[in-house]
Amino acid sequence: MELLDSRIVREFTARNGQSRLHAERASTRVPTGMSRALLRHAPFAAYTVQANGVYATDLDGNRRLDFHGNYAALIHGHAHPTILAATRAQLEKGTAYSTPAAQELALAEHLCGRVRSIERIVFNNSGTESVLMALRAARAYTGRHRIAKIEGGYHGFSDFVMVGGHDLPPAADKSARLDARPDTAGLPPAATSDVILLRYNDVEGCRQALRAHGDDLAAVIVEPMLGSAGVIPAEPEFLGLLRTETSRTGTMLICDEVISLRQAYGGLQSAYELTPDLTTMAKIIGGGFPMGAVGGRADVMSVFETPGARHVAHLGTFSANPVSLTAGLAALELLDESAITQLNALGARARAGISNVIREKSLPACVTGLGSMFQIHWTPGPVTEARHAEAAVPDLKLLAFLGLSNRGIQTSMRGMCSLSTPMTEAHIDALIDAFSATADDLRAEGWLDR
Ligand code: PLP
């Protein structure tokens with residue numbers, strides 16, 4: 001059977017007639033019908049019109065329990081009343097100013113108090129911008145220009161990190177592949193030639209690569225949990241090795257906590273007792289509004305202030321805008337230790353429940369994750385690096401995503417899920433039941449026997 005002939009796809013199409021028409025019309029004006037290419041999938045995407053709490057509603061009136069959470073940004077769900085109240089009050093006071101916003105200091109103090117490695121911080125509008133600026137700061141500080149990133153790691157869409165994300169060699173290929181291939185057209189040659197790749201959780205391979213190239217590297221950028229590439233936790237020795245080797249060569253260790261900051265009060269770096277030189281943040285720190293930040297050691301962050309050859313200007317018309325700052329502070333104040341403990345317990349319940357279904361039904365799948373996040377992979381696993389995650393069967397990935405959507409559950413297309421504080425055990429159990437029923441549909445149509 002062809003993928004698009006599956007009953008699951010036909011049901012999705014039948015349930016989402018208005019979205020299908022909207023997608024056709026939108027694609028005549030907006031390439032692919034949407035500006036966020038990652039949200040595109042076959043046969044077409046459902047367009048959201050409103051969202052509240054844990055639910056989002058699309059153009060056809062379908063209401064879905066949102067485990068996507070705008071790629072882990074919406075840790076308090078949609079339109080949280082406390083964040084809305086703070087934001088409304090700020091909107092009355094203006095949306096962007098001509099001189100620095102006085103609201104900036106409160107969020108700066110909060111994050112410096114929260115994340116131990118951060119002594120100074122600057123704010124911009126996205127994770128992409130925060131990574132761009134962290135890399136530039138590392139180059140200015142070290143006087144070097146090459147960087148190392150993790151295979152499969154996603155750090156936004158700026159030039160030097162849009163490489164080595166896809167088309168990875170099979171995991172069984174033990175040979176070192178340091179060369180970064182472009183993930184997009186339109187990159188300058190330096191975006192590939194100035195970047196080397198490291199394999200996640202590969203302690204020995206990374207040791208060798210950093211011994212060979214470390215003196216030449218301005219920065220190693222790493223997520224303490226590989227997010228978009230599969231919600232894969234780091235082995236403590238792996239992060240320890242990166243810290244030791246980068247310290248030895250004076251290379252900046254950039255901890256990208258754009259996704260993982262939610263996992264522990266002081267960011268996931270605190271759980272690993274990792275002290276990076278710089279940290280990039282976004283998503284939850286904007287309380288649902290656009291926001292990014294780079295923070296780190298005072299001497300490294302001094303490149304943003306000390307005049308001279310090492311100076312890096314941190315700019316942006318809407319950087320550190322008062323609305324995002326206010327919403328972000330409200331969101332972080334709500335996200336105290338007990339909120340995180342509760343969220344992480346729900347995450348453990350979800351991982352256990354999904355693992356049970358996988359075991360009981362002998363599904364060719366596994367679940368990875370940590371804290372309030374997890375991902376269902378349509379490969380038996382274990383999944384400890386991006387190469388493993390890339391081995392997942394694409395048809396099963398798409399059909400499971402659409403099958404869950406038909407049952408009122410929103411995940412990311414890849415199967416990534418993130419939890420939000422308004423969720424309860426009942427919501428988690430609804431996801432587990434929907435996953436179980438979707439697996440039955442896949443079996444009934446013969447997809448699991450291929
Ligand atoms: N870094 C990581 C680890 C991310 O997961 C993302 C986005 O998902 C980014 C950076 C880019 O953030 P943004 O989408 O806000 O530009």
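**Exercise 1. The ligand and its surroundings**

Task: In this predicted model, find which ligand atom lies 2.9 Å from a polar side-chain atom of Lys283, and then describe what else surrounds the ligand.

Solution. Start with Lys283, where a polar side-chain atom is 2.9 Å from an oxygen atom of the ligand. Next, turn to Thr128, whose side chain places an N or O atom 2.6 Å from an oxygen atom of the ligand, and then to Asp256, where a polar side-chain atom lies 2.7 Å from a nitrogen atom of the ligand. With these contacts located, consider the cover that the protein provides: the ligand taken alone exposes 390 Å², and the protein buries 86% of that. Finally, widen the view to the residues around the ligand, which include Ser126, Gly127, Tyr154, His155, Glu223 and Ile259. Sorted by class, this shell has six polar, three nonpolar and three charged residues.

**Exercise 2. Cysteines without partners**

Task: Determine how many disulfides the structure holds, and explain why Cys255 has no bond to the closest cysteine sulfur.

Solution. The count of disulfides is zero. For Cys255, the closest cysteine sulfur belongs to Cys206, and because the two sulfurs are 15 Å apart, they are too far from each other for a bond. Cys417 is likewise in no disulfide, the nearest cysteine sulfur being that of Cys366, 13 Å away. As a last step, look at exposure: Cys255 has a relative accessible area of 0% and is therefore buried, and Cys417, at 0% relative accessibility, also counts as buried.

**Exercise 3. Enclosed spaces**

Task: Establish how many cavities of 30 Å³ or more the structure holds, and state which residues line the largest cavity.

Solution. There are two cavities of 30 Å³ or more in the structure, and the largest cavity has a volume of about 70 Å³. Among the residues that line this largest cavity are Ile376, Trp378, Lys397, Phe401, Leu404, Met413, Arg414 and Phe435.

Conventions. Residues numbered from 1 in each chain as written. Predicted model: local features only at pLDDT ≥ 70, side-chain atom pairs only at ≥ 80, totals over all residues. Heavy atoms only, no water. Disulfide = S-S within 2.5 Å. Buried < 20%, exposed > 50% of the residue type's maximum accessible area, 1.4 Å probe, protein only. Near = heavy atom within 4 Å. Polar contact = N/O pair within 3.5 Å; in protein donor to acceptor, adjacent residues only side chain to side chain. Areas by Shrake-Rupley, 256 points an atom, 1.4 Å probe, with all protein chains shown as cover. Nonpolar A, V, L, I, M, F, W, Y, C, P; charged D, E, K, R; others polar. 1 Å grid on protein atoms, 1.4 Å probe; cavity = no way out; pocket = protein on both sides within 12 Å on 5 of 7 lines; lining within 4 Å. Points joined across faces, edges and corners; volume = space filled by probe spheres on them.
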